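Here is my note on the model you sent round. Please read the points with the structure open beside you.

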Amino acid sequence: MTSKIDPFHDIRPYNDEEVRPVIDELVTNKELLDVLGRYKFPRLKSVLGPLINPLIQWALKREFKHVTDVASWQKMIAKYMGKMLKRTVSELTYSGLDKLNLDTGYLFISNHRDITMDPALVSYGLDQQGLGTARVAIGDNLLQKPYVSDIMRLNKSFVVKRSAIGLREKMKAYMDLSSYIDQSVHTGNNIWIAQREGRAKDGIDATDVAVMKMLYMSKKKSGQSYADYINSLHIVPVSIAYEFDPCDQAKACELEAVASSGEYVKAQFEDMKSIVKGIVGHKGKVHVAFGEPLAGQFNTPEEIACAIDTSIALNYRLHGTNMAAYAMSAGQAHPASDALRQRFADLTLKQQDYALAMYANPVMRQQQFNAAVVG
């Protein structure tokens with residue numbers, strides 16, 4: 001009965017009336033209390049074990065006392081986001097927000113470098129501009145724990161069922177996703193999705209054509225052309241550029257392992273460790289560039305993917321780390337070269353090559369797209 005009334009009940013973010021009951025369950029979740037204890041009070045946790053949980057529960061109840069809806073939850077998150085950015089970012093800048101309208105729902109499609117920070121930075125900028133935060137697509141591979149799923153769905157995340165098995169189940173998952181994005185944007189709600197599944201560990205930001213096909217799935221039988229529908233989504237490409245990627249060494253090790261052995265097997269909860277490292281790690285300067293909302297005759301998924309790639313590449317803010325890595329790959333000197341060498345000193349030579357390429361590739365991509373535009 002529920003699914004007929006609310007077809008997206010199992011993937012959508014929580015509604016206002018669901019927030020308080022979910023929070024009341026979270027503050028009694030023993031597994032969450034244990035995790036927070038190990039993270040916030042590691043020494044006390046090692047000595048007292050579960051005896052410290054009542055203290056953590058009391059602190060959570062106090063913190064969440066006035067959280068009654070999605071807006072108050074996000075207000076609390078924004079407070080912590082601001083504090084975290086002061087600790088981990090030396091300079092945060094935005095561009096292109098002035099091109100967006102307050103009364104329009106947008107589909108923000110960004111490059112993907114960090115699991116949590118990419119959408120968080122987009123929403124943070126939107127919120128600072130008074131444009132309303134985005135509903136965020138997140139893969140169910142990151143929601144292995146029910147309490148993690150609850151926290152993410154409280155914060156306007158919706159679930160992408162990547163674990164769907166079988167053609168029929170996968171098609172339904174894609175159709176539900178397409179329909180949810182359609183409903184959200186056309187009711188004035190912003191959406192964030194990555195241009196591809198998984199992070200661009202090699203620094204090459206390329207849109208997956210399959211994602212562009214998925215967007216139209218729910219409209220195939222409507223009679224509306226692909227071009228008209230794509231324009232109705234108000235797609236805005238977003239380029240997120242980090243001076244330093246907190247997970248760069250781990251990414252380089254993974255890329256080298258795949259190249260040398262053909263596969264990389266993740267450790268249990270490795271994604272969660274990447275999330276934490278991406279949040280608390282030093283990022284240096286960060287720039288988020290909102291491109292011009294796309295408008296034109298995009299008749300195929302390939303055409304709109306190319307337009308997104310072009311915008312992301314050309315609007316990408318190149319940092320000194322990018323230029324240094326590019327110079328080093330060409331055997332040239334750069335003032336920041338020594339800093340990068342020191343950063344990757346613990347990696348093997350092959351791993352260092354992958355790490356440097358990660359920073360150099362945005363420079364090459366920008367040069368390639370600049371040449372294409374001029375040509």
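1. A salt bridge is a side-chain nitrogen of Lys or Arg within 4 Å of a carboxyl oxygen of Asp or Glu. By this rule the count comes to 16 salt bridges. This is a predicted model, in which local features need pLDDT of at least 70 and side-chain atom pairs count only at pLDDT 80 or more, while totals for chains, interfaces and linings use all residues. Residues are numbered from 1 along each chain as its sequence is written, and side-chain values use heavy atoms, with hydrogens and water left out.

2. One of the salt bridges joins the side chains of lysine 30 and aspartate 34, at 3.0 Å from N to O. Both residues lie in helix H3 (residues 30-40), 4 residues apart, about one turn of the helix. Helices (H or I, at least four residues) and strands (E, at least two) are DSSP runs, numbered from the N terminus. An α-helix has 3.6 residues a turn, so residues three or four places apart point the same way.

3. How is each partner of this pair placed, buried or exposed? Buried means under 20% relative accessible area, exposed over 50%, and partly exposed in between (1.4 Å probe, protein chains only). Lysine 30 counts as exposed because its relative accessibility is 51%. Aspartate 34 has a relative accessible area of 14%, so aspartate 34 is buried.

4. A second pair within one helix is aspartate 338 with arginine 341, whose side chains meet in a salt bridge of 3.3 Å, N to O. Both lie in helix H16, 3 residues apart, again about one turn of the helix. Aspartate 338 is exposed, at 55% relative accessible area, and arginine 341 is partly exposed, at 48%.

5. Glutamate 197 forms a salt bridge with arginine 162, and the closest N and O atoms are 4.0 Å apart. This pair links distant parts of the chain, 35 residues apart: glutamate 197 is in the loop between E5 and H10, and arginine 162 is in the loop between strand E4 (157-160) and helix H9 (167-185). Glutamate 197 is exposed, with a relative accessible area of 54%, whereas arginine 162 is partly exposed, at 34%. Elsewhere, Asp6, Arg12 and Glu18 are linked in a network of salt bridges.

6. Where is glutamine 195? Its place is in the loop between strand E5 (190-194) and helix H10 (209-216). Glutamine 195 is buried, because its relative accessible area is 0%. Its side chain makes a polar contact of 2.9 Å with that of threonine 207 and a polar contact of 3.4 Å with that of aspartate 309. A polar contact is a pair of N or O atoms within 3.5 Å; within protein, one must be able to donate a hydrogen and the other to accept it, and residues adjacent in sequence count only if both atoms are side-chain atoms.

7. Aspartate 309 also appears beside phenylalanine 369, a residue of helix H17 (residues 349-374). Not counting residues up to four places away in sequence, phenylalanine 369 touches Asp309, Thr310, Ala313 and Leu314; contact means heavy atoms within 4.5 Å. The C-alpha atoms of phenylalanine 369 and aspartate 309 are separated by 8.6 Å, with their positions 60 residues apart along the chain. Phenylalanine 369 counts as buried, at 14% relative accessibility.

8. Helix H12 (residues 248-261) has 14 residues, which at 1.5 Å a residue should span 20 Å, and its end C-alpha atoms are 20 Å apart, which agrees. The expected span of a helix is 1.5 Å times one less than its number of residues. The buried residues of H12 include Lys251, Ala252 and Glu254, and the buried residues pack against helix H16 (337-343) and H17. After H12 comes glycine 262, with a positive phi near 90 degrees.

9. For H9, with 19 residues, the expected span of 27 Å agrees with the 27 Å between its end C-alpha atoms. Among its buried residues are Ala173, Leu177, Tyr180 and Ile181. Their cover includes strand E2 (107-110), strand E3 (134-139), E4, E5, H10 and helix H11 (226-232).
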